[in-house]
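Work through the exercises below with the sequence and the model open side by side. Each task is followed by a solution in steps.

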Amino acid sequence: MDTYEAFFRAYYDNQKDYLLNFYKGPLVMTPENYYDLVLQKTTIKEQDFDAIEKKIKLTIPKSFKQFFVTAYSYERPFQLPTLTLAAAWHHDPFEALNDFLFENALSKHILELQLIPIGIYQDNFYVCLDLRQPVSETDAPVTYFDFDAAMLNEEPIVEEPVFPSFKMFIEHLTNCIQTRTY
């Protein structure tokens, strides 16, 4: 099982009782088919990101794309304690990512700084892929963009990367889910 599959497995292990009782989407979830449904690989292809990349004028790292296509999200938004993350929502795969990229007041400014917003942490920070200094062709550091600092015309980007790579960020989140330490 790869890093991203392990993340979704841990997340959906943790959400099983909730989703079996409260999921109201078009799919019928039962204890017997639960993992077949929630861990089903998306039908998204890498070229499906082309239109977004053209519009934002940045290349989304392969590590994020691999995460995004690993499994659908059955909640809108995809939520962990203190963190909302863009994931392929089953009903409209790119909706959450498009919201972060195009619908928030600071999205354009963040993209101009060569950051790709992919989540919100503690309702005050955008979680961003930092393309100013990519780790490699396939991965990028994760940094935070502070809403309050931006509104006060202060430096909004956390000085050091929060995680040296997106993959390490997901490994950390997987550990948080498994140990329930956020």
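## Exercise 1: the sheet

Strand β2 (residues 83-85) and β1 are antiparallel partners, joined over three bridges. The model is a predicted one.

Task: state in what order the five strands form the open sheet, and which strands stand at the edges.

Solution.
- Step 1. Start from the β1-β2 pair, where L80 stands opposite L83 in β2.
- Step 2. Extend the sheet: the order is β1-β2-β3-β4-β5, with antiparallel pairing.
- Step 3. Find the edges. β1 (78-80) and β5 (142-146) each have a single partner strand, so one side of each has no neighbour in the sheet.
- Step 4. Compare directions. On average, neighbouring strands of this sheet are turned by 35 degrees against each other, direction ignored.
- Step 5. Add the helix that packs on the sheet. Helix α8 (residues 166-179) touches β1, β2, β3 (115-121), β4 (125-130) and β5, and its direction makes about 130 degrees with that of β2.

## Exercise 2: the chain as a whole

Task: give the secondary structure pattern of the chain, and state what radius of gyration a compact globule with 182 residues would have.

Solution.
- Step 1. Count the elements: the chain has eight helices and five strands.
- Step 2. Read them along the sequence, which gives α-α-α-α-β-β-α-α-β-β-β-α-α.
- Step 3. Take the extents. The C-alpha trace spans about 50 × 35 × 30 Å along its principal axes.
- Step 4. Apply the globule rule. For 182 residues a compact globule would have a radius of gyration near 16 Å, and the chain agrees, at 16 Å.
- Step 5. Check burial and contact range. Of the 182 residues, 49% are buried. Among contacts between residues at least 6 apart in sequence, 52% join residues at least 24 apart.

## Exercise 3: the nonpolar core

Task: state which residues of the largest nonpolar core touch the most other members, then follow F64 to the residues it touches.

Solution.
- Step 1. The core holds 63 residues, and F7, F64, L97, F166 and F169 touch the most other members.
- Step 2. Helix α1 (residues 3-22) supplies the largest share of this core, seven residues.
- Step 3. Leaving out residues up to four places away in sequence, F64 touches A86, L97, I118, L129 and F166.
- Step 4. Place F64 in its helix. In α4, the buried residues are S63, F64, K65, F67, F68, V69 and T70. Helix α4 (residues 62-70) is thus mostly covered, with seven of its nine residues buried.
- Step 5. Set this beside the general tendency: in soluble globular proteins, nonpolar side chains tend to be buried together.

## Exercise 4: salt bridges

Task: state how many salt bridges the model has, and which residues are linked in a network.

Solution.
- Step 1. The count is five salt bridges.
- Step 2. Take the pair within helix α1. The side chains of D13 and R9 meet at 3.3 Å, N to O. Both residues lie in α1, four residues apart, about one turn of the helix. D13 is partly exposed at 38% relative accessible area, and R9 is partly exposed at 30%.
- Step 3. Turn to E46, which forms a salt bridge with K62, with the closest N and O atoms 3.1 Å apart. This pair links distant parts of the chain: E46 is in the loop between α2 (34-38) and α3 (50-56), and K62 is in helix α4, 16 residues apart.
- Step 4. Look at the other partner of E46 named here. K65 and E46 meet in a salt bridge at 3.6 Å, N to O. K65 is in helix α4 and E46 in the loop between α2 and α3, 19 residues apart.
- Step 5. Compare accessibility with the cut-off for buried, under 20%. K65, at 8%, is buried, whereas E46, at 40%, is partly exposed, and K62 is partly exposed at 37%.
- Step 6. Assemble the network: salt bridges link E46, E53, K62 and K65.

## Exercise 5: one residue

Task: decide whether A10 is buried or exposed, and state which residues it touches.

Solution.
- Step 1. Locate A10 in helix α1.
- Step 2. A10 has 8% relative accessibility, so it counts as buried.
- Step 3. Not counting residues up to four places away in sequence, A10 touches T174, I177 and Q178.
- Step 4. For a separation, take A10 and I60: they are 50 residues apart in sequence and 25 Å apart in space, C-alpha to C-alpha.

Key: Residues numbered from 1 in each chain as written. Predicted model: local features only at pLDDT ≥ 70, side-chain atom pairs only at ≥ 80, totals over all residues. Heavy atoms only, no water. Core = buried A, V, L, I, M, F, W, Y, C linked by side-chain atoms within 4.5 Å. Buried < 20%, exposed > 50% of the residue type's maximum accessible area, 1.4 Å probe, protein only. Helix = DSSP H or I, 4+ residues; strand = E, 2+ residues; numbered from the N terminus. Contact = heavy atoms within 4.5 Å. Salt bridge = Lys/Arg side-chain N within 4 Å of Asp/Glu carboxyl O. Pairing = 2+ DSSP bridges. Axes fitted to C-alpha atoms, helices over the stretch in contact; angles between N-to-C directions. Rg over C-alpha atoms; globule rule 2.2 N^0.38 Å.
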